[in-house]
Amino acid sequence: MKCKYDPDLFFDVTQEEAAKAICGGCPMRKACAELGATEEHGIWGGTDPIERAMARFRAATPQTQARDHEWDLVVELCAERGYTDVLAISKVTGVRADAVATRLGVEWVDNRAALVAELSAKGYGPKEIREKVGLSQRRIQELIKQSQAVAA
Ligand code: SF4
C-alpha cells in the first residue's frame with residue numbers, strides 16, 4: 001500500500017490536521033491505520049502519533065516498561081506540539097489532570113473551577129472555555145452556574 005500524497009505533509013507536526021482531513025476521504029484509511037498502529041511518527045489512516053501512543057498505552061499492561069515507554073513517548077510528542085503543562089496534556093490525551101500530574105511527578109493544584117469562573121465572567125462561552133480548560137461540557141456548565149450563583 002502506498003499513499004499517493006506528499007509524505008512531507010504526513011510527517012509535519014504543524015500539518016497534522018490537514019493530513020488527517022485528507023485521510024478522512026481515503027478508501028485505504030482502515031488498512032493504513034492498522035499498518036501504522038505501531039509507528040511513533042506521522043499521520044497514518046487519519047490517526048496522529050499521540051492518539052496511537054495513547055491507544056498502545058491504554059492497551060499495555062499496567063506497571064510495565066511497555067506502558068511507561070508509551071507514556072514517555074506521549075509526553076515527548078506533546079512537548080513537540082507545545083503541550084507541556086498538566087492541563088494541556090490532559091486535554092490532548094484524555095487522561096485526568098491529576099493522573100497526568102502524578103505520572104509527570106509534578107505538584108498540581110486544580111484551579112479549573114476558578115479558571116472557568118474567570119473566563120465566564122470575561123464573556124467566554126462554554127465551548128471556548130472547554131477549549132481552554134479541557135473539562136467536559138457538562139462540568140463546565142455546572143461550574144458556570146455555580147460561579148454565577150456566587151456572583152449573584
Ligand atoms: S489513509 Fe491517509 S496516509 Fe493512509 S494512504 Fe490514505 S491518505 Fe495516505
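Start with how the chain folds back on itself: in the protein chain of this predicted model, residues 24 or more positions apart account for 31% of the contacts with a separation of 6 or more. Burial can be put next to that figure: of the 152 residues of the protein chain, 24% count as buried. The C-alpha atoms, taken along the principal axes, fill a box of roughly 60 × 35 × 20 Å.

What is the secondary structure of the protein chain made of? It's ten helices and zero strands, so the run of elements from the N terminus reads α-α-α-α-α-α-α-α-α-α.

Now for the ligand. There are 13 residues around the ligand, and Cys3, Cys23, Cys26, Arg29 and Cys32 come nearest. Two elements give two or more residues to this shell, namely α2 (16-24) and α3 (29-35). If you sort the shell by residue class, you get ten nonpolar residues, two polar and one charged.

Move along the chain from α3 and you get to the loop between α3 and α4, where Gly42 lies. Is Gly42 buried, exposed or something in between? A residue needs 20 or more other C-beta atoms within 10 Å to be buried, and Gly42 has 19, so Gly42 is partly exposed. Leaving out residues up to four places away in sequence, Gly42 touches Phe10, Phe11, Gly36 and Pro49. Gly82 is another matter: Gly42 and Gly82 sit 40 residues apart along the chain, and their C-alpha atoms are separated by 17 Å.

Pro49 also takes us to the next stop, the pairing of helix α4 (residues 49-59) with helix α5 (residues 65-80). How do these two helices pack? Their axes are 9 Å apart, at an angle of about 160°. Angles over 145 degrees count as roughly antiparallel, and that's why α4 and α5 are roughly antiparallel to each other. The crossing of α4 and α5 is left-handed.

Which residues make the contact? On the α4 side you'll find Pro49, Ile50, Ala53, Met54, Arg56 and Phe57. Facing them, α5 brings in Arg67, Glu70, Trp71, Leu73, Val74, Leu77 and Cys78. Taken by class, the residues of the contact of α4 with α5 come out as ten nonpolar, no polar and three charged. Pro49 turns up twice on this tour, once as a residue touched by Gly42 and once as part of the α4 side of the helix contact.

How values were computed:
Residues numbered from 1 in each chain as written. Predicted model: local features only at pLDDT ≥ 70, side-chain atom pairs only at ≥ 80, totals over all residues. Near = placed C-beta within 6 Å. Helix = DSSP H or I, 4+ residues; strand = E, 2+ residues; numbered from the N terminus. Nonpolar A, V, L, I, M, F, W, Y, C, P; charged D, E, K, R; others polar. Buried ≥ 20, exposed ≤ 12 C-beta atoms within 10 Å, placed from the backbone. Contact = placed C-beta atoms within 7 Å. Axes fitted to C-alpha atoms, helices over the stretch in contact; angles between N-to-C directions. Parallel < 35°, antiparallel > 145°, perpendicular 65-115°, else oblique. Left-handed = near helix turned anticlockwise from the far one by under 90°.
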